[in-house]
Amino acid sequence: MSTEATKPRFGQALVIQYLQQIGILAGFIVLILAFAILSPYFLTLDNLLAIALQSAINAVIALGMTFVIATGGIDLSVGSIVALAGVIMADLMRSGVGVPVSMLAGTVIGVGCGTVNGLLITKAKLPPFIVTLGMMSFIRGSALIYTSGQPIYGVPAAFRFLGSGYIGAIPVPVIIAAVAAGLAYFLLRKTRFGEYTLAIGGNEEATRLSGVNVGFYKTLVYSFCGLMCTLGTIILVARLNAAEPIAGFNYELDAIAATVMGGTSLAGGQANILGTMVGALIMGALRNGLNLLNVQAFYQQLAIGAVIILAVLVDRFRK
């Protein structure tokens with residue numbers, strides 16, 4: 001696995017980064033082996049495809065979160081954005097509006113919410129935690145008001161293909177997540193947008209003094225996160241054939257956990273797209289394995305919370 005990070009200054013840093021990559025892969029393999037021993041069904045092809053399918057939404061949203069955290073920020077509103085974009089998209093389709101226009105409307109909502117986050121952070125100089133926490137409640141409330149708290153059922157069959165279709169033996173959501181990861185990798189490694197994202201997280205003031213429009217690029221990062229939320233929304237609504245204003249609860253926790261476990265530093269300046277994808281798979285495998293073992297939902301929450309705390313501790317340790 002390649003390393004996606006700011007350039008290390010010493011050979012020792014290269015060794016540490018390499019060990020980080022090995023560490024997350026080793027952790028993933030240990031998790032797989034443990035569940036394979038405890039449940040004979042876990043390693044079947046059908047179940048592995050199910051894990052990949054279940055991880056696709058979290059993986060896509062975590063890609064956007066990776067860019068946000070790489071700037072030293074955080075976005076707690078991703079789950080609410082999924083809910084609002086979903087209900088508007090599904091309502092338009094149910095009303096007879098075409099699929100492309102409905103998807104475009106959902107994209108405008110997702111990117112718009114992300115842009116508002118970015119503008120409040122960069123123009124009003126508010127902390128990302130406070131802004132996105134407030135937006136989490138505001139956007140969720142908007143979704144509940146729009147639907148009167150009711151779910152919206154029924155989307156066109158052509159649209160459902162994006163959530164439940166297959167190309168060959170591969171579920172379409174897995175292909176979408178893989179394409180999104182390729183796009184995110186390209187943006188982070190090959191474009192000025194990715195270069196400035198890491199630079200802002202590494203030293204925002206130095207980046208500003210070097211002539212970079214920090215406010216513009218930070219806003220762009222939150223807009224991109226909103227775009228990834230919309231992509232996750234499309235998969236979710238198409239898969240469930242429905243949209244709910246309460247959808248997306250705890251998506252922010254899963255996205256942050258996948259991102260940090262994958263090697264992206266909470267302090268900013270360091271990001272790893274492939275690591276984020278592995279982190280999302282770890283979260284998916286953990287949930288799937290616990291379900292197979294008939295572990296109660298309350299204990300699953302406990303286990304996932306422990307994984308998030310462990311990921312943060314590892315992030316702190318590697319500094």
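# A guided tour, starting at glycine 154

Select glycine 154 to begin: setting aside neighbours within four places in sequence, glycine 154 touches Arg94 and Asn241. Bear in mind as you click around that this is a predicted model. Glycine 154 sits in the loop that joins strand E1 (152–153) to H6. Is glycine 154 buried, partly exposed or exposed? Its relative accessibility is 32%, so glycine 154 counts as partly exposed. Now add glycine 165 to the selection and draw a distance between the two C-alpha atoms: the separation is 16 Å in space, for 11 residues in sequence.

**Next stop: H6 and H7**

Follow the chain from that loop into helix H6 (residues 157–164), then select helix H7 (residues 172–190) as well. The axes of these two helices are 5 Å apart, and the packing angle is about 70°. An angle from 65 to 115 degrees counts as roughly perpendicular, so H6 is roughly perpendicular to H7. To see where they meet, show side chains for Phe161, Leu162 and Gly163 on the H6 side and for Val172, Pro173 and Ile176 on the H7 side. Colour that contact between H6 and H7 by class and you should get 5 nonpolar residues, 1 polar residue and no charged ones.

**From H7 across to H10**

Keep H7 on screen and bring in helix H10 (residues 214–240). How do H7 and H10 run relative to each other, roughly parallel or roughly antiparallel? Their axes cross at roughly 170° and come within 11 Å. Angles over 145 degrees count as roughly antiparallel, and H7 and H10 are therefore roughly antiparallel to each other. On H7, pick out Pro173, Ile176, Ala180, Ala184 and Leu187; they meet Phe224, Met228, Leu231 and Ile235 of H10. Try the class colouring again here: the contact of H7 with H10 has 9 nonpolar residues, with no polar and no charged ones. If you wonder about the spacing of such positions, an α-helix has 3.6 residues a turn, so residues three or four places apart point the same way.

**Back to H3 and aspartate 91**

Now select helix H3 (residues 78–94) and find aspartate 91 in it. Aspartate 91 has a relative accessible area of 17%, so it is buried. Beyond its neighbours within four places in sequence, aspartate 91 is in contact with Tyr146 and Ile152. The helix around it has plenty of company: 15 of the 17 residues of H3 are buried, so H3 is largely enclosed by the rest of the structure. You can check its length too. At 1.5 Å a residue, H3 should span 24 Å, and the distance between its end C-alpha atoms is 24 Å, in agreement. Step just past the end of H3 to reach glycine 96, which has a positive phi of about 100°.

**H2 and its kink**

Select H2 (residues 45–70), a helix of 26 residues. Where is H2 kinked? Centre the view on alanine 56, where the kink is about 40°. The expected span for H2 is 38 Å at 1.5 Å a residue, and its end C-alpha atoms are 35 Å apart, which agrees. Switch on a surface for the rest of the chain: 19 of the 26 residues of H2 are buried, so H2 is largely enclosed by the rest of the structure. Just after H2 comes glycine 72, with a positive phi of about 90°.

**Two loop residues with positive phi**

Go to lysine 125, in the loop between helix H4 (99–122) and helix H5 (128–147). Lysine 125 is not a glycine, yet it has a positive phi of about 60°. Its relative accessible area is 62%, so lysine 125 is exposed.

Then jump to asparagine 294, which lies in the loop between helix H12 (273–292) and helix H13 (297–317). Asparagine 294 also has a positive phi of about 60° without being a glycine. With 66% relative accessibility, asparagine 294 counts as exposed.

**Last stop: methionine 261**

Finish in helix H11 (residues 251–261), where you will find methionine 261. Is methionine 261 buried or exposed? Methionine 261 is buried, with a relative accessible area of 16%. Which residues surround it, leaving aside neighbours within four places in sequence? Show Ile24, Gly279, Ile282, Met283, Val307 and Ala311, which are in contact with methionine 261. For one more distance, select leucine 220: it is 41 residues from methionine 261 along the chain, and their C-alpha atoms are separated by 24 Å.

Definitions and conventions. Residues numbered from 1 in each chain as written. Predicted model: local features only at pLDDT ≥ 70, side-chain atom pairs only at ≥ 80, totals over all residues. Heavy atoms only, no water. Helix = DSSP H or I, 4+ residues; strand = E, 2+ residues; numbered from the N terminus. Expected span 1.5 Å × (residues − 1). Bend = angle between axes of the 7 residues up to and from the residue. Buried < 20%, exposed > 50% of the residue type's maximum accessible area, 1.4 Å probe, protein only. Contact = heavy atoms within 4.5 Å. Axes fitted to C-alpha atoms, helices over the stretch in contact; angles between N-to-C directions. Parallel < 35°, antiparallel > 145°, perpendicular 65-115°, else oblique. Nonpolar A, V, L, I, M, F, W, Y, C, P; charged D, E, K, R; others polar.
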